[in-house]
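Student: Please take a close look at one part of this structure, the placing of its charged side chains. I would like one connected account, with the surroundings included where they help.

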Amino acid sequence: MFSGLSVICNGSSVEKLYSAFNLYDTSGDGIIQFDELVHYFHAIFSVILSNINDKNLKVERLAAATAKNALNEMEQDIETGGLTFEQFRLWFENSSLLKI
């Protein structure tokens, strides 16, 4: 746990991204599958949107749509594909979400 905190506080951006990747690769197979991406985005959006009272905004739908978009951008099939760390890094670095 302390080594994880050390990476989050002091690690390079790649080390931080690798820590996030490993956190959400719950199966430990080196690939973040669609359901793992949905879980990842759900956690992020739940925190970001916690102070917004918009009954039409559904975190679950937003997380699923963003996960689908991530896989589509990396030309991966939702049912059978997933993102390796390198694909996750490339998607993250080129994501339109970061350009908002």
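Tutor: A salt bridge here is a side-chain nitrogen of Lys or Arg within 4 Å of a carboxyl oxygen of Asp or Glu. Buried means under 20% relative accessible area, exposed over 50%, and partly exposed in between. For charge, Lys and Arg count as positive and Asp and Glu as negative, while His and the chain ends are left out.

The model is predicted. Its secondary structure consists of five helices and two strands, in the order α-α-β-α-α-β-α along the sequence. Of its 100 residues, 29% count as buried. When contacts between residues at least 6 apart in sequence are taken, 46% of them join residues at least 24 apart. The exposed surface is about 6700 Å², with carbon and sulfur atoms supplying 57% of it.

The structure holds two salt bridges. Arginine 89 meets glutamate 86 side chain to side chain at 2.3 Å, N to O. Arginine 89 also forms a salt bridge with glutamate 93, where the closest N and O atoms are 2.6 Å apart. Glu86, Arg89 and Glu93 are thus linked in a network of salt bridges.

The spacing along helix H5 accounts for the geometry. Arginine 89 and glutamate 86 are three residues apart in H5, so about one helical turn separates them. Glutamate 93 and arginine 89 are four residues apart in H5, which again comes to about one helical turn. An α-helix has 3.6 residues a turn, so residues three or four places apart point the same way. Side chains of opposite charge can pair when their charged atoms come close.

The members of the network also differ in exposure class. Arginine 89 has a relative accessible area of 17% and therefore counts as buried. Glutamate 86, at 40%, is partly exposed, and glutamate 93, at 43%, is partly exposed as well.

Arginine 89 has company in H5, which runs over residues 85–94: Phe85, Gln87, Phe88 and Trp91 are buried too. The buried residues of H5 pack against helices H2 (13–24), H3 (34–48) and H4 (59–73), and against strands S1 (32–33) and S2 (82–83). Seen from H3, the buried residues are Glu36, Leu37, Val38, Tyr40, Phe41 and Phe45. Their cover includes H2, S1, H4, S2 and H5. H3 itself has 15 residues and reaches 21 Å from first C-alpha to last, close to the 21 Å expected at 1.5 Å a residue.

Aspartate 25 is the contrasting case. This residue sits in the loop between H2 and S1. Aspartate 25 is buried yet has no salt bridge, and arginine 89, the nearest side chain of opposite charge, is 15 Å away. With the salt-bridge cut-off at 4 Å, that separation of 15 Å lies outside it. What the side chain of aspartate 25 does reach is the backbone nitrogen of aspartate 29, at 3.4 Å. Beyond residues up to four places away in sequence, aspartate 25 touches Gly30, Ile31, Ile32 and Glu36; Glu36 is one of the buried residues of H3.

Glycine 30 leads from this loop back towards H5. Glycine 30 also lies in the loop between H2 and S1, and its relative accessible area of 33% makes it partly exposed. Outside its neighbours within four places in sequence, glycine 30 contacts Phe21, Asp25, Leu83, Thr84 and Phe85. Of these, Phe85 belongs to the buried set of H5. Glycine 30 and threonine 84 are 54 residues apart in sequence, but their C-alpha atoms are 6.0 Å apart.

A last acidic residue, glutamate 75, is in the loop between H4 and S2. Its relative accessible area is 74%, so glutamate 75 is exposed. Its phi is near 55°, a positive value in a residue other than glycine. The C-alpha atoms of glutamate 75 and glutamine 87 are 10.0 Å apart, with their positions twelve residues apart along the chain counted as separation; glutamine 87 is among the buried residues of H5.

Taken together, arginine 89 is buried and linked to Glu86 and Glu93, whereas aspartate 25 is buried without a salt bridge.

Definitions and conventions. Residues are numbered from 1 along each chain as its sequence is written. This is a predicted model: local features need pLDDT of at least 70, side-chain atom pairs count only at pLDDT 80 or more; totals for chains, interfaces and linings use all residues. Side-chain values use heavy atoms; hydrogens and water are left out. Buried means under 20% relative accessible area, exposed over 50%, partly exposed in between (1.4 Å probe, protein chains only). Contact means heavy atoms within 4.5 Å. Accessible areas come from the Shrake-Rupley method with a 1.4 Å probe; for residues, only the protein chains shown count as cover. The expected span of a helix is 1.5 Å times one less than its number of residues. A polar contact is a pair of N or O atoms within 3.5 Å; within protein, one must be able to donate a hydrogen and the other to accept it, and residues adjacent in sequence count only if both atoms are side-chain atoms.
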